[in-house]
Amino acid sequence: MALDINQLRDLLAAIAQTDITELTLKSDDFELTVRKGVSITPTSDSGGASTPYQAAGSVGVPISGSTIPTAPTPVLEVASTPAATVQSVPPPGVDQKWEEINSPMVGTFYRAPAPDEDPFVEVGERISAGQTVCIIEAMKLMNEIEAEVSGQVMEILVKNGEPIEYGQALMRIKPD
């Protein structure tokens, strides 16, 4: 079983949205252990030197010049940031009374339900709580994102079709 980096990102995004605290995948070529809330610590079964890694988002990535050995089997522990520690600080010049609509997941941002249809919302438009304001595609699933507050759309911060991260600000709303 081979995993490319995109499959690994999708897997980590899916795990982050669940209550799963530990997952282990094993094959003849590798063993991958994902634990939420654990620091990145590569190990080696041979008792020799372990492969150096550095944190890149929530995925351990080999430091340039090193390779991932196929035997003996490395174990990669991946850290996940708890949602409570992710905070959005508005940049200077942004009205502190504006509410942000943040991404609840990693995926691709879409402003309209289909490429040939009108966007859900436009800047300056009034919206109500519970109204769909965009779609985020994650792992081939289309997830409608609803506004949590009623008000006026002041800014749309992401371009259509752009990849987004968990907790990223998508829009700013001036509440009623």
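**Exercise 1. Classify K140 in this predicted model: is K140 buried, partly exposed or exposed?**

Solution. Start with the relative accessibility, which is 74% for K140. The cut-off for exposed is over 50%. K140 therefore counts as exposed. Next, place the residue: K140 sits in the loop between β10 and β11. Finally, check the backbone: phi of K140 is near 70°, a positive value in a residue other than glycine.

**Exercise 2. Now take M139: which accessibility class does M139 fall into, and what is the sign of its phi?**

Solution. M139 has a relative accessibility of 45%. Buried needs under 20% and exposed over 50%, with partly exposed in between. M139 therefore counts as partly exposed. Its phi is positive, at about 55°, although M139 is not a glycine. As for location, M139 belongs to the loop between β10 and β11 (141–146).

**Exercise 3. Test helix α1: what span should its 12 residues have, and how far apart are its end C-alpha atoms?**

Solution. Helix α1 covers residues 5–16, and the rise is 1.5 Å a residue. The rise is multiplied by one less than the number of residues. This gives an expected span of 16 Å; the end C-alpha atoms are 16 Å apart, so the two agree.

Now look at the burial pattern. In α1, the buried residues are L8, L12, A13 and I15. Viewed down the helix axis, the buried residues of α1 fall within an arc of 165°, so they line one face. A general rule helps here: an α-helix has 3.6 residues a turn, so residues three or four places apart point the same way.

**Exercise 4. Describe how β1 and β2 are connected and paired.**

Solution. First, the connection: a hairpin of four residues leads from β1 to β2. Second, the pairing: β1 (residues 22–26) and β2 (residues 31–35) run antiparallel, with five bridges between them. Third, a specific pair: L23 has V34 in β2 as its bridge partner.

**Exercise 5. Work out the order of the four-stranded open sheet, and say which strands stand at its edges.**

Solution. The order is β7-β14-β12-β9, with antiparallel pairing. At the edges stand β7 (99–102) and β9 (126–127); each has a single partner strand, so one side of each lacks a neighbour in the sheet. Follow β9 inward: two bridges join β9 to β12 (residues 151–156). One contact point to find on screen is I127, whose bridge partner in β12 is G151.

**Exercise 6. Find the largest nonpolar core: how many residues does it have, and which element gives the largest share?**

Solution. The largest core holds 17 residues, and those with the most contacts inside it are I101, F109, I127, V133, C134, L170 and M171. Two elements give two or more residues to this core, β10 (132–138) and β14 (169–175). The largest share, four residues, comes from β10. Then zoom in on I127: leaving out residues up to four places away in sequence, I127 touches V121, V133, A147, V149, S150, G151, V153 and I173. Another core, of six residues, lies apart from the largest one and includes L8, L12, I15 and V34.

**Exercise 7. Which residue range calls for caution, judging by pLDDT under 50?**

Solution. Begin with the whole chain: the average pLDDT is 74, and 65% of the residues score at least 70. Then turn to the range itself: over residues 38–88, pLDDT stays under 50. For this range the model has 81 contacts beyond four places in sequence.

How values were computed:
Residues numbered from 1 in each chain as written. Predicted model: local features only at pLDDT ≥ 70, side-chain atom pairs only at ≥ 80, totals over all residues. Heavy atoms only, no water. Buried < 20%, exposed > 50% of the residue type's maximum accessible area, 1.4 Å probe, protein only. Arc of directions from axis to C-beta. Pairing = 2+ DSSP bridges. Core = buried A, V, L, I, M, F, W, Y, C linked by side-chain atoms within 4.5 Å. Contact = heavy atoms within 4.5 Å. pLDDT = per-residue confidence, 0-100.
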